[in-house]
Amino acid sequence: MENVLAFEVTQTENVFSRGLVQKQLGTLKKDQVRVQIEYSDINYKDALAATKNGGVVSDYPKVIGIDLAGTVIETNNKNWKTGQKVLVTGYGLGTDKDGGFSQVQDVPGEWLVELPQDLTPKEAMKFGTAGFTAALAVKTLDEKINEKDAPILVTGASGGVASTAIALLHQLGYSNIIALSSKKEQAQWLLKLGATDIQSPAEVLPEKKRPIGKQKFGAVIDTVGGEILANLLPLIQYNGAAILCGNASGIALNTTVLPFILRGIQMIGIDSVYVEMSQRKQIWQFLTENKKVLGQLSYQEVDLTDLDETIDSLLNGTHTGRTIVNMGGTK
């Protein structure tokens, strides 16, 4: 049996560990597909999975990594054949079943998306779950907001989801994109992505929280949640929307019903894990058609042997842009 290198986490009642291991490939199970992984990427969810009591891994030990892209090298599923380029994001990859931080991985066939013809595995993982989530949020907003000059606020702007959302909004013609970020050193980059203004939370949020405030934003794409979101809801314009796709600042939401019943705003949640396959294919085609935004996005490339530093930076809030993981495939 062949051995492959993988990044695995394990936890017992008293001990947590993470690091590289040699995994032995067994017999491919019914309806499974074996993928030679070329690239993966690192998301905040991966960082949580690499943490003791992170709350996202169902059982241990587990090879983490919620995304992967590569080539089918063996198949026990009638819908897939060897040589096909594929990607996987979401479902239970890296949480319920072994994930993308491995040179080779066996994946349920129904989880696979065929890589669009004009998208490489590396480009797919530059987007990854972050880009996929951003695209879902932007498409949802675009269906709700009819005015391209409406003021759109994007929170956590220097993160992977938010920065991609800014670039995609700009690509779609939105001309009034406000990036909410406390990282002033990222201001020039955010402006290059398409943001028209950079503001800190102190500049945007009122000193005293009120149930209803001045109408400032046509819509908010929120990647942080918590108190920031609670303070933004009263500032959304009549018939506006808050598109929720993150909880970096917490899962609690202390608010009132007034913005919803007096201004008719909507709060729309974005789930990127269990999206129906038909919509997955549409979103990946949308990303492929708009992949030139990848040239504007900030990313770094690391090897499978060097994940710890990026994981720590995500947990510490110092990470910016995207990090992709090269498994040794074609660049």
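This is a guided tour of the structure, moving from the whole chain to single residues worth selecting.

**The whole chain**

Begin with everything shown, and keep in mind that this is a predicted model. In a cartoon view, the protein presents nine helices and 16 strands. Turned along its principal axes, the C-alpha trace spans about 65 × 45 × 35 Å. The radius of gyration is 20 Å, which agrees with the value near 20 Å that a compact globule of 331 residues would have. If you switch on a surface, the accessible area comes to about 14,700 Å², and 46% of that area belongs to carbon and sulfur atoms.

Before hiding the surface, colour the charged residues: there are 32 positive and 36 negative charges, and the mean positions of the two sets are 4 Å apart. Below the surface, buried residues make up 54% of the 331 residues. Among contacts with a separation of 6 or more positions, 71% join residues that are 24 or more positions apart.

**A bent helix**

Next, select residues 121–144, which form helix α2, and look for Gly128, where the helix bends by about 65°. Of the 24 residues of α2, 19 are buried, so this helix is largely enclosed by the rest of the structure.

**Two serines**

Move on to Ser158, which sits in the loop between β9 (152–154) and α3 (160–171). With a relative accessible area of 5%, which is under the 20% cut-off, Ser158 is buried. Leaving aside residues up to four places away in sequence, Ser158 touches Ser163, Ser181, Lys183, Gln186, Trp189, Leu190, Thr320 and Gly321.

Now select Ser313, which belongs to helix α9 (residues 308–316). Ser313 is also buried, with a relative accessible area of 15%. Outside the residues up to four places away in sequence, Ser313 touches Thr318 and His319.

**After the last strand listed here**

Follow the chain through β16 (322–326) to the segment after it, where Met327 is placed. Is Met327 buried or exposed? At 9% relative accessibility, Met327 counts as buried. Show its surroundings and, apart from residues up to four places away in sequence, you will find that Met327 touches Ile37, Glu38, Tyr39, Ser40, Gly100, Phe101, Ser102, Gln103 and Leu304. For a sense of distance, draw a line from the C-alpha atom of Met327 to that of Ala165: the two residues are 162 residues apart along the chain, and these atoms are separated by 27 Å.

**Backbone details in the loops**

The remaining stops concern the backbone, so a stick view of the main chain is helpful. Select Asp31 in the loop between β2 (16–24) and β3 (32–42). Asp31 has a positive phi of about 70°, although it is not a glycine. At 35% relative accessibility, Asp31 counts as partly exposed.

Then go to the loop between α1 and β4, where Asn53 is found. Phi of Asn53 is near 55°, again a positive value in a residue other than glycine. At 58% relative accessibility, Asn53 counts as exposed.

Finish with Pro61, which lies in the loop between α1 (44–49) and β4 (62–63). Which form does the peptide bond from Tyr60 to Pro61 take? The bond from Tyr60 to Pro61 is cis, with omega near -5°.

Conventions: Residues are numbered from 1 along each chain as its sequence is written. This is a predicted model: local features need pLDDT of at least 70, side-chain atom pairs count only at pLDDT 80 or more; totals for chains, interfaces and linings use all residues. Side-chain values use heavy atoms; hydrogens and water are left out. Helices (H or I, at least four residues) and strands (E, at least two) are DSSP runs, numbered from the N terminus. The radius of gyration is taken over C-alpha atoms; the globule rule is 2.2 Å times the number of residues to the power 0.38. Buried means under 20% relative accessible area, exposed over 50%, partly exposed in between (1.4 Å probe, protein chains only). Contact means heavy atoms within 4.5 Å. Accessible areas come from the Shrake-Rupley method with a 1.4 Å probe; for residues, only the protein chains shown count as cover. Lys and Arg count as positive and Asp and Glu as negative; His and the chain ends are not counted. The place of a charge is taken as NZ of Lys, CZ of Arg, CG of Asp or CD of Glu. The bend at a residue is the angle between axes fitted to the seven residues ending there and the seven starting there.
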